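This report describes a two-chain protein model, with attention to strand pairing, selected buried residues and the overall dimensions of each chain.

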Amino acid sequence: MSVGMPEFVENPENRCPVILLLDTSGSMSGQPIQELNRGLAAFKEDVQKDSQASLSVEVAMITFGPIVKLMQDFVTIDQFTPPILEVGGLTPMGAAIEYALDFLENRKQTYKDNGIHYYRPWVFLITDGEPNDSWRLAAQSMREAEAQRRLSFFAVGVQGADMNILKQISVPERPPIMLNGLDFREMFVWLSASMKRVSSGKVGQAVALPAMGWGQITS
Amino acid sequence: MNWKAVARSAIGTSHQKQGIVCQDYGDYRILDDVIVGAVADGAGSAKHSDVGSRLAVETVLKCFSDISEYPQKQDSQPLSKEEAQKVFAEIVNKVITELQKQADEGDYSVNDLACTLLVFVATPDWVAAMQIGDGFIVMRSQESEYQLLFQPDKGEFVNETTFITSTNAVNEMQVEVIPEKQEFICASTDGLEKVAIRLSDWKPFSPFFKPLEEYLHEPVNPKEDKYLTEFLNSERLNSRTDDDKTLLLCLFDRE
């Protein structure tokens, strides 16, 4: 039989975008920011262990404190250099949330323009304080985005965080999580494991997330 | 002069690693000069979706076999789209009933049987087809290019689709009637989508389908032959998709 085997079309990988929205205000100084920096390195290391996740996961990083700053535009994990984050000033969380929402919509448009398929984006917010800017509108936009299933929003509070405000940013189905101590490493390994599940996830349904061993759900 | 067909499924490497069985299923029946084919992809998150996909496909095929007067009655006149819609809606409801029965017997939720479903009925002169959820049906009529029948049903994001157990399944069902002779029909689950379809404009990739069509022209009995199984289990394919994959191929042999 002389029939050859089917040849494959080259399609761009499906993308699995995640925005890290990180509090770098003054109160994070010292051990918290050091542990956060270590956690970011662990995140990269862990995602890279999975070949599918390495191709699909795209990470962007926005910090707030003293100002809102795009520390890292979307890159695949191999291009992601875990930064040494520095801290200072107040906590413009509201502005950061608004920035993240706009930034994400732009990214989606880029995907669409290039015929790239994508999983529902994740926005992962970490803070140890409370916003010192107006945040209610931003909170409402975030809740709406989640309710319309445009993204999945996770709020993580480090000791000192105003969990009540975080609750008002989150939807009731996904309440904020209080980090155990400064166990950022465990948290980022969980995030990586979740991203692996999502990105290898059968195209076709929501995936069950791994158990959170790193924090407590506050409800 | 008749239909020649073959259906094969192979487990995806991710399911193999997790010790899960293959959740895809595909089969066909040839009733005189009419072929009915169905493929289903069990939802990864549903506990018994391998049972669901198999039961869905078998129920569809049984339904069509039961309508024994069907081929004669329709003669060579194609169904209208409305008629096709009605026939498929009835069959989908029958499938849902069977799934519910199965779930009741096993004392679990019908959602544990969630699967996609793609069905086609082809006479020598026309084809009617439906699709709930993702996956694809590609066909080719004489002297023309491969054609994708439905754009896969996806939400904004890749990890969203409809299943036959979804409450909106019948409404989300896509139906099409092609009032033309088809030479080749391929129905598949979404495991092969990214190697077979150019996703930027949803064009079937002909170097993928052409060898499959040529294969059916070979004087081999596809039931006993290993070509498809070898392809579906090949390293080369598994390096591109870790999902279960199914191919249901048919050729109308006019010689």
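In this predicted model, Val6(B) stands opposite Leu249(B), a residue of strand S12(B). Cys186(B) also stands opposite Leu249(B). A further facing pair involving S12(B) consists of Ala5(B) and Cys250(B).

These pairs belong to two strand pairings. Strand S1 of chain B, residues 2-10, is joined to S12(B) in the antiparallel sense over nine bridges. Strand S9 of chain B, residues 184-188, also pairs with S12(B) in the antiparallel sense, over five bridges. Strands of a sheet are held together through hydrogen bonds of the backbone, in either a parallel or an antiparallel arrangement. In chain B, five strands form an open sheet with antiparallel pairing, in the order S1-S12-S9-S6-S7. Its edge strands are S1 and S7 (147-148) of chain B, each of which pairs on one side only. Strand S12(B), which spans residues 245-253, is mostly covered, with eight of its nine residues buried.

Ile35(B) is located in strand S3 of chain B, residues 34-41. Its relative accessible area is 0%; Ile35(B) therefore counts as buried, the limit being under 20%. Apart from neighbours within four places in sequence, the contacts of Ile35(B) include Ala5(B) and Cys250(B), the two residues that stand opposite each other in the pairing with S12(B). Trp3(B), Tyr28(B), Arg29(B) and Ile30(B) are also among the contacts of Ile35(B), as are Phe120(B), Val121(B) and Ala122(B). Ile35(B) and Phe120(B) are 85 residues apart along the chain, and their C-alpha atoms are separated by 8.1 Å.

A buried residue of chain A may be described in similar terms. Glu146(A) lies in helix H4 of chain A, which covers residues 136-147. With a relative accessible area of 9%, Glu146(A) is buried, because this value is under the 20% limit. Leaving aside neighbours within four places in sequence, Glu146(A) is in contact with Leu151(A), Ser152(A), Phe153(A), Val171(A) and Arg174(A).

The following table lists properties of the two chains.

| Property | Chain A | Chain B |
|---|---|---|
| Secondary structure | six helices, seven strands | nine helices, twelve strands |
| C-alpha extent along principal axes | about 70 × 30 × 30 Å | roughly 50 × 40 × 35 Å |
| Buried residues | 57% of 219 residues | 58% of 255 residues |
| Accessible surface | about 9,100 Å² | about 10,600 Å² |
| Carbon and sulfur share of surface | 48% | 45% |
| Charged side chains | 19 positive, 25 negative | 25 positive, 44 negative |
| Separation of charge centres | 5 Å | 3 Å |

From the N terminus on, the elements of chain A follow the order β-α-α-β-β-α-β-α-β-α-β-α-β. The radius of gyration of chain A is 18 Å, which agrees with the value near 17 Å for a compact globule of 219 residues. For chain B, the radius of gyration is 17 Å, in agreement with a value near 18 Å for a compact globule of 255 residues.

Contacts between residues at least 6 apart in sequence can be divided further by separation. In chain B, 72% of such contacts join residues at least 24 apart. In chain A, residues 24 or more positions apart account for 75% of the contacts with a separation of 6 or more.

Methods
Residues numbered from 1 in each chain as written. Chains lettered and ligands numbered in written order. Predicted model: local features only at pLDDT ≥ 70, side-chain atom pairs only at ≥ 80, totals over all residues. Heavy atoms only, no water. Helix = DSSP H or I, 4+ residues; strand = E, 2+ residues; numbered from the N terminus. Rg over C-alpha atoms; globule rule 2.2 N^0.38 Å. Buried < 20%, exposed > 50% of the residue type's maximum accessible area, 1.4 Å probe, protein only. Contact = heavy atoms within 4.5 Å. Areas by Shrake-Rupley, 256 points an atom, 1.4 Å probe, with all protein chains shown as cover. Lys, Arg positive; Asp, Glu negative; His and termini not counted. Charge placed at Lys NZ, Arg CZ, Asp CG, Glu CD. Pairing = 2+ DSSP bridges.
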